[in-house]
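The following exercises are meant for a reader who is new to this structure. Each one sets a task and then works through the solution step by step.

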Amino acid sequence: MEKKNRLVYLDIARGIAMISIVLGHLRLNNINRVVFTYHLPIFFIISGFFINTNDKMSHFVKKKVRTLIVPYIIACVCVILSALMMNLIFQKGEGFAEVLKTWSSASIYGAGDSYKEPFQIQGIGAIWFLLATFWALIMLKSISKINKWLRVAAVFIIFYLGIFTRDKFFWFPLSIQAGCTALLFIYIGYLIKENKQFISYISKEAAIFGSVLLIIVWLSFIRDFQSFWLVHCDIGRGFIDIIGSLGGCLFIILLSRLIESKIKILAVPLSFLGKNSLIFLIAHIIELNTFKWMTLLDKIFPDGSNQNYYLPIVIILKFIWIITFTVIFSNIKSVRKLLGMPIFDKD
C-alpha cells in the first residue's frame, strides 16, 4: 500500500507522550507532576485534530469501533492471557480461577483505576484511554452539525457532567465519564484543525508571545501541581490547570518540531514509536498489569543487596520489553490489520 503523507512532528509528539505514560506509571511524584500535565491531553488534542465530521454517523461509529474498541478487546485478551501465564509461573496455578475472573471483570467494566465503592472492581489500566477516546469522538461527531453556540455549550455541559457524576455518583462502566472529560481536549484539537488558516495569519510576534505565556503557565502548573488525573475526571484546580496543560502540549509540539528538523537521531525512533503508539500501549498494559518485575528481581538477587538499583533496572526492563514488542508486531501486517492500523510499504 502506498505510504501516506504524515505530520512527522505529531508522530514524534505521540512517541514522547507514550514514553511519558510509561514513566507516569512508576508512581514517582517528581515525574508525575510533569508528565501528567500533558501526556494524555496531547493524545486527545491530536485525535480531535484528525476527526472527520463529514462521515455519515453509521460509518463514523463503525470506523471508531474498528480502530478503538477492537484494539481494546485485543489488549484485554492479551492482559488476561498474560495474567494467567504469570499465575502459572509464580503461583503454580494457585488462584487461577480468581485471576481469570478479576481480569475478565476488569475488561468488561473498563475502568481506568480500581474502585471499592459502591462495589469493588479491578481497573483495566492504561487502555481506558481507548474507551474514553471512542466516547469523546462519538460525542463530538453527534454535536458537530448543530449551531456553533449550542455546540460550545454542549461541550462544556458534557465536560461538567463527567466530573459531576463522578463526584456525586460512581464510576460508570466503559470509562464514559472519562470520555466526557476528554471531549474538551478533543474539541480543542478540532477547533485548531478548523481554524488552521486563521492561525496561520497570526503574526510571529503574537505567536511567540502567546506561546511563551502558555508555557509559563504550564511551568507554574508543574511547580504548584496538586492533581490532574483525567482517568478520574480530576482536573486539579480547574480551568487554570487546563490552560497549563495546553501550554505543556504546546511545548511538546514545539519540541517535536525541533527534533524533526534538527535532531534526526531522535526523530526516527520517536516517530516510529508514535506511529505505532497503539502497539506500544498494548505492550505497556501487558507488563504494567501482569509482569511481576519486583518478584523477578527478588529471585535474581535473593539477598536483597541490589534493591537500591531495582527502580532503574525495572525501567530498563520495561522499555526493553515494550520496544521489542513494538518493533516485532508493528512489522506484522496481519497484526496491523487486526488492530485497524494503516499498512505502509517500506521505503
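**Exercise 1.** In which loop does Ile 202 lie?

*Solution.* This is a predicted model, in which local features need pLDDT of at least 70, side-chain atom pairs count only at pLDDT 80 or more, and totals for chains, interfaces and linings use all residues. Residues are numbered from 1 along each chain as its sequence is written, and side-chain values use heavy atoms, with hydrogens and water left out.

Step 1. Ile 202 is located in the loop between helix H9 (196–200) and helix H10 (204–223). Helices are DSSP runs of H or I with at least four residues, numbered from the N terminus.

Step 2. The relative accessibility of Ile 202 is 40%, so Ile 202 counts as partly exposed. On this scale, buried means under 20% relative accessible area, exposed means over 50%, and partly exposed lies in between (1.4 Å probe, protein chains only).

Step 3. Together with Ile 192, Phe 198 and Ile 199, Ile 202 makes a nonpolar surface patch of about 360 Å². Such a patch joins nonpolar side chains (Val, Leu, Ile, Met, Phe, Trp, Tyr) within 5 Å, taken from residues with over 30% relative accessible area and no salt bridge. The areas come from the Shrake-Rupley method with a 1.4 Å probe.

**Exercise 2.** Determine how many salt bridges the structure holds, and describe the pairs of Lys 63 and of Glu 287.

*Solution.* Step 1. There are six salt bridges, each a side-chain nitrogen of Lys or Arg within 4 Å of a carboxyl oxygen of Asp or Glu.

Step 2. In one of them, Lys 63 pairs with Asp 55, with 2.8 Å between the closest N and O atoms. Lys 63 is partly exposed at 31%, whereas Asp 55 is buried at 15% relative accessibility.

Step 3. Glu 287 pairs with Lys 318, again with the closest N and O atoms 2.8 Å apart. This pair links distant parts of the chain, 31 residues apart: Glu 287 belongs to helix H13 (residues 277–290) and Lys 318 to helix H15 (residues 310–330). Both residues, Glu 287 and Lys 318, are buried.

**Exercise 3.** Establish whether Leu 278 is buried or exposed, and list the residues that Leu 278 touches.

*Solution.* Step 1. Leu 278 is part of helix H13.

Step 2. Its relative accessibility is 13%, and Leu 278 therefore counts as buried.

Step 3. Leaving aside residues up to four places away in sequence, Leu 278 touches Thr 67, Pro 71, Leu 130, Leu 339 and Met 341, where contact means heavy atoms within 4.5 Å.

How values were computed: Helix = DSSP H or I, 4+ residues; strand = E, 2+ residues; numbered from the N terminus. Patch = residues over 30% accessible without salt bridge, like charges linked within 9 Å, V, L, I, M, F, W, Y side chains within 5 Å.
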